[in-house]
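This briefing sets out selected features of one protein structure for computational work. Please read it alongside the sequence and the coordinates displayed below.

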Amino acid sequence: METHADLLHHAPGKKIWHYFFEFLMLFLAVFCGFIAENWREQLKEHEREKEFIHSIVEDLKSDSLQSGIILLQLKGKSKGIDSVLAELSSPGILKNSNDVYRLWTQNLDLKTFVSNDRTIQQLKNSGELRLIRNKAVSDRIMQYDQTVKNYYRQTDLMYNALSDQHIYSQFFDFINLNNNKNIPVPLPEQGKKLLNEAYAHQQLWNYGLSGLISWLEEVHEDGANLLTFIQKEYHIE
């Protein structure tokens, strides 16, 4: 005689439920594995975001320090050009070109700011900017990057202008000026002919320098504001 258990064992629906149960367990195992893997991936991305944010903070601190120093140097350079212009417009330059030669020579170079943008460029080039989940922070990072690019464009214009030294090279009597530093050296005839052009050249240079200072002030201000904003959003001291 078959028992009740034997009847259940041979019941046609049992095998179906058995397979369904196994399928359900397998599905749950795969699903839970997917959830766990996705969670681990999110944790990794959050850690990467923190690393990038802290790196950007350090870069901005470096930028702020450097741009502040360069700003002071450029403003000093602008005052130097003002002094050159004053000497060029002085009647005494015809008999004594020593001071204008000294001032012009001192202001031939150009101090430039170079952003420490290693992290921003890495984020852009690798496509990992998406890791910065805070859209406001991401947008302001890109805005700062654009401001730096605008400053670079003005710097390129200034370097191109600085490379044109034909007026300087023809304006002075270099041999007598270098050999007689304490004796007044008159402006040579060629210098007299170029006096008006020399003044215009230095004036245009000073206008360009003022523009460069304005762009760098914007870089300095945007960088400081971005640094403060990131520190607030990510609770960084």
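Is K61 buried, partly exposed or exposed, by its relative accessibility? K61 counts as partly exposed, because its relative accessibility is 37%, which falls between the limits of 20% for buried and 50% for exposed. The model is predicted. The protein has nine helices and zero strands, and buried residues account for 33% of its 237 residues.

**Overall architecture**

- Along the sequence the elements follow the pattern α-α-α-α-α-α-α-α-α.
- Helix α9 comprises 39 residues, for which a rise of 1.5 Å a residue predicts a span of 57 Å. The end C-alpha atoms of α9 are 57 Å apart, so the expected span and the model agree.
- Just after α9, H235 adopts a positive phi of about 55°.

**Packing of α5 against α9**

- Helix α5 (residues 135-162) packs on helix α9 (residues 195-233) at an angle of about 160°, and the two axes lie 9 Å apart.
- Because of that angle, α5 is roughly antiparallel to α9, the cut-off for this class being over 145 degrees.
- The crossing of α5 past α9 is left-handed.
- Sorted by class, the contact of α5 with α9 contains 18 nonpolar, ten polar and four charged residues.

**Salt bridges: overview**

- Side chains of opposite charge can pair when their charged atoms come close.
- The count of salt bridges comes to 13.

**Salt bridge within α2**

- K61 and E58 form a salt bridge in which the closest N and O atoms are 3.8 Å apart, a distance that satisfies the criterion of within 4 Å.
- Both K61 and E58 belong to helix α2, where they are three residues apart, or about one turn of the helix.
- E58, like K61, counts as partly exposed; the relative accessibility of E58 is 43%.

**Salt bridges between distant parts of the chain**

- E49 and R133 meet through their side chains in a salt bridge, with an N to O distance of 2.8 Å.
- E49 is in helix α2 (residues 12-88) and R133 is in the loop between α4 (118-126) and α5, so this pair ties together parts that are 84 residues apart in sequence.
- The two partners contrast in accessibility: E49 is buried, with a relative accessible area of 2%, whereas R133 is exposed, with a relative accessible area of 56%.
- D59 and R118 also meet in a side-chain salt bridge, at 2.8 Å from N to O.
- This second pair links distant parts of the chain, since D59 is in helix α2 and R118 is in helix α4, 59 residues apart.
- D59 counts as buried because its relative accessibility is 3%, under the limit of 20%. R118 is exposed, with a relative accessible area of 51%, which is over the limit of 50%.
- R48, E51 and E128 are joined into one network by salt bridges that share partners.

**The loop between α2 and α3**

- S90 is located in the loop between α2 and α3 (98-106).
- With a relative accessible area of 28%, S90 is partly exposed.
- S90 and V100 are ten residues apart in sequence, and their C-alpha atoms are 9.8 Å apart in space.

Key:
Residues numbered from 1 in each chain as written. Predicted model: local features only at pLDDT ≥ 70, side-chain atom pairs only at ≥ 80, totals over all residues. Heavy atoms only, no water. Axes fitted to C-alpha atoms, helices over the stretch in contact; angles between N-to-C directions. Helix = DSSP H or I, 4+ residues; strand = E, 2+ residues; numbered from the N terminus. Parallel < 35°, antiparallel > 145°, perpendicular 65-115°, else oblique. Left-handed = near helix turned anticlockwise from the far one by under 90°. Nonpolar A, V, L, I, M, F, W, Y, C, P; charged D, E, K, R; others polar. Expected span 1.5 Å × (residues − 1). Buried < 20%, exposed > 50% of the residue type's maximum accessible area, 1.4 Å probe, protein only.
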